[in-house]
Amino acid sequence: MMVFICYSKCTTCSKARKYLDGLGAPYEQRDIKGDNPTYEELKAWLDISRLPVKRLFNTSGQAYRTLQLKDKLADMSVDECLQLLSTDGMLVKRPILVGDGFVLVGFKESEWDLALAVKRD
C-alpha cells in the first residue's frame with residue numbers, strides 16, 4: 001500500500017488527496033507535522049527518487065526562511081541536509097507519495113499519472 005505524507009492545511013496536499021481518492025487508489029495517510037520523516041526514511045526516499053537533496057526542502061515554508069536556508073544549503077552536505085530535514089516536518093516538501101519502487105515529492109499530476117500508470121483520454 002502507498003503512503004501519502006501530507007499536511008492537513010496544505011492546499012497542494014488537498015489537491016493530491018482528491019486526485020488519489022478520484023482514482024480509488026489505496027493509501028495510508030500520514031501527517032508530516034505530527035509524524036516527521038526520520039533520517040533513515042528521508043535517505044531511502046532520496047535514493048529511490050534520485051532527486052537532488054535540495055528538492056526535499058519546502059522552500060516556501062516559514063521555517064525555511066527563518067533558518068535562512070537559501071543561503072546555507074549550498075555549503076551543506078547531503079547528510080547534514082537530511083539530518084536537518086529529520087528535525088522538522090515543516091521543512092520537508094509535501095506531499096510525498098511513497099509506493100512500490102517510487103517516491104514522488106510535491107504534486108504534479110502528470111508525474112503522478114506516470115508513476116501510477118494512469119491513462120488519460
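How many aromatic pairs does the count come to in this structure? In this predicted model, the count comes to 6 aromatic pairs. One of them brings together tyrosine 19 and tryptophan 112, whose ring centres are 5.9 Å apart and whose planes stand at 85 degrees, so that the pair is edge-to-face, the angle being over 60 degrees. This pair links distant parts of the chain, since tyrosine 19 belongs to helix α1 (residues 11-23) and tryptophan 112 to helix α6 (residues 109-115), with the two positions 93 residues apart. Tyrosine 19 counts as buried at 8% relative accessibility, and tryptophan 112 is likewise buried, with a relative accessible area of 0%. Both rings belong to one aromatic cluster, which is formed by Phe4, Tyr19, Tyr27, Phe107 and Trp112.

**Strand β2 and its side chains**

Arginine 30 has its place in strand β2, which covers residues 27-31. Is this arginine buried or exposed? Arginine 30 has a relative accessibility of 11% and therefore counts as buried, the limit for that class being under 20%. Its side chain takes part in a polar contact of 2.8 Å with the side chain of glutamate 41, and a polar atom of the arginine 30 side chain also lies 3.1 Å from the backbone oxygen of aspartate 35. When residues up to four places away in sequence are not counted, arginine 30 touches Val3, Phe4, Ile5, Cys6, Asp35, Asn36, Pro37, Thr38, Glu41 and Trp45; Phe4, named here, is also a member of the aromatic cluster described above.

Glutamate 28 lies in strand β2 as well, but its relative accessible area of 46% makes glutamate 28 partly exposed. Leaving aside neighbours within four places in sequence, glutamate 28 is in contact with Met1, Met2, Val3 and Phe4. The C-alpha atom of glutamate 28 is separated by 9.9 Å from that of valine 98, a residue 70 positions away along the chain.

**The loop between β2 and α2**

Asparagine 36 is found in the loop between β2 and α2, and with a relative accessible area of 18% asparagine 36 is buried. What does its side chain reach at 2.4 Å? The asparagine 36 side chain reaches the backbone nitrogen of glycine 89 at that distance. Apart from residues up to four places away in sequence, asparagine 36 touches Arg30, Glu41, Leu85, Ser86, Thr87, Asp88 and Gly89. Arg30 and Glu41, both on that list, are the residues whose side chains are joined by the 2.8 Å polar contact. The C-alpha atoms of asparagine 36 and leucine 85 are separated by 8.9 Å, although the two residues are 49 positions apart along the chain.

The polar distances given for these side chains, together with one from serine 49, are collected below.

| Side chain | Partner | Distance |
|---|---|---|
| Arginine 30 | Aspartate 35, backbone oxygen | 3.1 Å |
| Arginine 30 | Glutamate 41, side chain | 2.8 Å |
| Asparagine 36 | Glycine 89, backbone nitrogen | 2.4 Å |
| Serine 49 | Leucine 46, backbone oxygen | 3.3 Å |

**Helix α2 and its crossing with α5**

Serine 49 has its place in helix α2, which covers residues 39-49, and is buried, with a relative accessible area of 17%. The axes of α2 and helix α5 (residues 78-85) come within 8 Å and cross at roughly 130 degrees. That angle makes α2 oblique to α5, and α2 passes α5 in a right-handed crossing. Which residues make the contact between α2 and α5? On the α2 side the contact is made by Tyr39, Leu42, Lys43 and Leu46, and on the α5 side by Val78, Asp79, Leu82, Gln83 and Leu85. Leu46 is thus named in the helix contact, while its backbone oxygen is the partner of the serine 49 side chain. Leu85, for its part, is also among the residues touched by asparagine 36.

**Backbone features in the loops**

Arginine 50 lies in the loop between α2 and α3 (62-66), and its phi is near 60 degrees, a positive value in a residue other than glycine. With a relative accessible area of 74%, arginine 50 is exposed. Glutamine 68, in the loop between α3 and α4 (69-72), has a positive phi of about 50 degrees although glutamine 68 is not a glycine. A cis peptide bond, with omega at about -5 degrees, joins arginine 94 and proline 95, and proline 95 is found in the loop between α5 and β3 (96-99).

Key: Residues are numbered from 1 along each chain as its sequence is written. This is a predicted model: local features need pLDDT of at least 70, side-chain atom pairs count only at pLDDT 80 or more; totals for chains, interfaces and linings use all residues. Side-chain values use heavy atoms; hydrogens and water are left out. Helices (H or I, at least four residues) and strands (E, at least two) are DSSP runs, numbered from the N terminus. Buried means under 20% relative accessible area, exposed over 50%, partly exposed in between (1.4 Å probe, protein chains only). A polar contact is a pair of N or O atoms within 3.5 Å; within protein, one must be able to donate a hydrogen and the other to accept it, and residues adjacent in sequence count only if both atoms are side-chain atoms. Contact means heavy atoms within 4.5 Å. Rings of Phe, Tyr and Trp (its six-membered ring) pair if their centres lie within 6.5 Å; planes under 30 degrees apart count as stacked, over 60 as edge-to-face and the rest as tilted. Axes are lines fitted to C-alpha atoms, for helices over the stretch in contact, and angles run from 0 to 180 degrees between N-to-C directions. Angles under 35 degrees count as roughly parallel, over 145 as roughly antiparallel, 65 to 115 as roughly perpendicular and the rest as oblique. A crossing is left-handed if the near helix is turned anticlockwise from the far one by less than a right angle, and right-handed if clockwise.
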